[in-house]
Amino acid sequence: MSRLSPRIAVVIVYTAAMCMNGLDSTIVNPALLTIARDFDEPVSAANTVEIAFLVALAVALPVAGWLGDRYGTKRVFLGALAVFTAASAACGLAQNLQTLVLARVVQGLAGGLLTPVGMTLLFRAFPPHERMKLSKVLIVPTALMPALGPPLGGFLTEHLSWHWLFFVNVPIGAAAVLLGVLGVREHVEGTEGGFDRRGFLLATPALGLLTYALGFGPSHGWTSPAIAVSALLGLALLVAACAHLLRAATPLLDLKLLGDKVFGSATVLALVTSAGLMGVLFAFPLLYQAALGASALDAGLSVFPEALGLMLASQAVDRLLPKLGPRLLAAPALVLATAVFAALAVPGVAENAWAVRALMFCVGLVLGTAVLTVQIAGFADIAPPAMGQAMGLFTIVRTLGGALGIAATAAVIGAAGGSGTHDAAPGPYRAAILTTAGLVALGTLFALRLPKDAPAPPPFDDEPPARPSEGAEAVA
């Protein structure tokens, strides 16, 4: 272990943890009916398993950056990973729905810390000019794992049991924690002033309520009392939180970072691209079923080529970003992505299985190129002390963007008369897909604000020297 580079250890531990987190966001969906049947509960109650995870994840996001800076990114990340792993075991051992939901809440709270703190750990280990190499790492947990979730979840549920959806995390998580303890370098940035309690008490319930409303709104109805109250109260708290965070001397989330032209544009791009991608991945399987009468599993598999396109995008960004720069790579990619999204809504396309596969592959390739470019370029000018805050803010916006995209497409489908049955008219689903194309097109305007040139390497640099605050390497 003594010969393992701390930077290699960071990459391995980050990838393992994010793969677990990425899988858990989608792997349970195919098993909800089975879980409901095993616990003798209605399917609507079983859906709480997923919503509980997403709400808990959103609640943890605002405090992630502060915790990492205050107590050290290594300590917080590995602690969250250990809790996530233990909660996964508890999920697999659950004997009733209440215990499963509670374990999913704990899992979501830990998962909400993993993404921003993990990316902070990764980006602090690699200077801006070396982050283009990370595109191959970032794409696996953020793209491939969520796409693998539904088919893997269906396979495990059918051939083993739904309990194994969670047990698969345990050996991976335990090994990643051990490797992280031995091989990852600590970094304690420190925080000025005390903990922003007011910001926490405003931002945390705001994100939780909004995620709850966006998650249940499409199925329960936007005018139902619980959804309407959650949405309105969440928005009110969010406005109050933003007003406070802009005035506070040491805010929980530094919204002033959005004033940076590049980071602000990248964050808005993360919102609209995440909304577009999650929206199309939600709406297109429904169109596929409406147009072809396909099964849910077939519809889920129809979007899998998108993940393969994303994998190729990681190779493209690594080679093209240094030559073309962020603006010239991201803007045309978003224009192409808009065209591909719109093509998915053309009558007759959904009826052709090979056309669907080809277009989904293109969705992953062109949109993935834009997303990875934005993610790398957006943090190029962020100073190391602000990295935790910036990563937390970026992750919150991206997460809300995905929820908004699903809610928006569901609202369009409902307003246009979509019924969700096999004999439904495909028109409402095509309208929803065109909505996602519009969201991606909007991102092109912000891509034009990205820098023209890629980050340049420093004059003398192979590997940056260790900062005094990073402490000694925890290597055996």
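These legends go with a set of close-up views of one predicted model.

The model is predicted, so local features need pLDDT of at least 70 and side-chain atom pairs count only at pLDDT 80 or more, while totals for chains, interfaces and linings use all residues. Residues are numbered from 1 along each chain as its sequence is written, and side-chain values use heavy atoms, with hydrogens and water left out.

**View 1. The whole protein, helices and no strands.**
There are 18 helices and zero strands here; both are DSSP runs numbered from the N terminus, helices being H or I with at least four residues and strands E with at least two. Of the 476 residues, 54% count as buried. Buried is under 20% relative accessible area, exposed is over 50%, and partly exposed sits in between (1.4 Å probe, protein chains only). About 19200 Å² of the protein is exposed, and carbon and sulfur atoms supply 69% of that. Those areas come from the Shrake-Rupley method with a 1.4 Å probe; for residues, only the protein chains shown count as cover. Take the contacts (heavy atoms within 4.5 Å) with a separation of 6 or more: 84% of them join residues 24 or more positions apart.

**View 2. The largest nonpolar core.**
A nonpolar core, for our purposes, is a set of buried Ala, Val, Leu, Ile, Met, Phe, Trp, Tyr and Cys residues joined through side-chain atoms within 4.5 Å. The largest one has 55 residues, and F77, L81, L114, F263 and F379 touch the most other members. Helices α1 (6–24), α4 (48–71), α5 (73–93), α6 (97–125), α9 (169–183), α12 (261–292) and α17 each put in at least two residues. Apart from this core lies another, of 37 residues, with Y288, A350, I433 and A447 among them. As background, nonpolar side chains tend to be buried together in soluble globular proteins.

**View 3. L81 and V13, in contact with each other.**
Setting aside residues up to four places away in sequence, L81 touches V13, A17, M20, L114, G173, A176 and V177. V13 belongs to helix α1 and, at 1% relative accessibility, counts as buried. With that sequence cut-off again, V13 touches F77, L78, L81, A176, L179, G180 and V184. Measure C-alpha to C-alpha in the model and V13 is separated by 8.9 Å from G118, 105 residues apart along the chain.

**View 4. L23, also in α1.**
L23 is another residue of helix α1, and its 13% relative accessibility makes it buried. L165 is 142 residues apart from L23 in sequence, yet their C-alpha atoms are 9.2 Å apart.

**View 5. F284 and its contacts.**
F284 is in helix α12 and is buried, with a relative accessible area of 0%. Leaving out neighbours within four places in sequence, F284 is in contact with S302, V303, L344, A350, V356, M360 and I433. Zoom in on I433: F284 and I433 are 149 residues apart in sequence, with 7.0 Å between their C-alpha atoms.

**View 6. Helix α17 and R398.**
Helix α17 covers residues 387–415. Of its 29 residues, 21 are buried, so this helix is largely enclosed by the rest of the structure. The expected span is 1.5 Å times one less than the number of residues; for α17 that gives 42 Å, which agrees with the 41 Å between its end C-alpha atoms. R398 sits in this helix and counts as buried, with a relative accessible area of 19%. Ignoring residues up to four places away in sequence, R398 touches T115, M119, A270, S274 and Q375.

**View 7. A nonpolar patch on the surface.**
L320, L324 and L328 make a nonpolar surface patch of about 240 Å². Patches are built from residues with over 30% relative accessible area and no salt bridge, joining like charges within 9 Å and nonpolar side chains (Val, Leu, Ile, Met, Phe, Trp, Tyr) within 5 Å. A salt bridge, in turn, is a side-chain nitrogen of Lys or Arg within 4 Å of a carboxyl oxygen of Asp or Glu. L324 lies in helix α14 (residues 305–324) and is partly exposed, at 34% relative accessible area. L328 is in helix α15 (residues 326–344) and, at 53% relative accessibility, is exposed. Not counting residues up to four places away in sequence, L324 touches L329 and K452. L324 and K452 are 128 residues apart in sequence, and 7.9 Å apart C-alpha to C-alpha.
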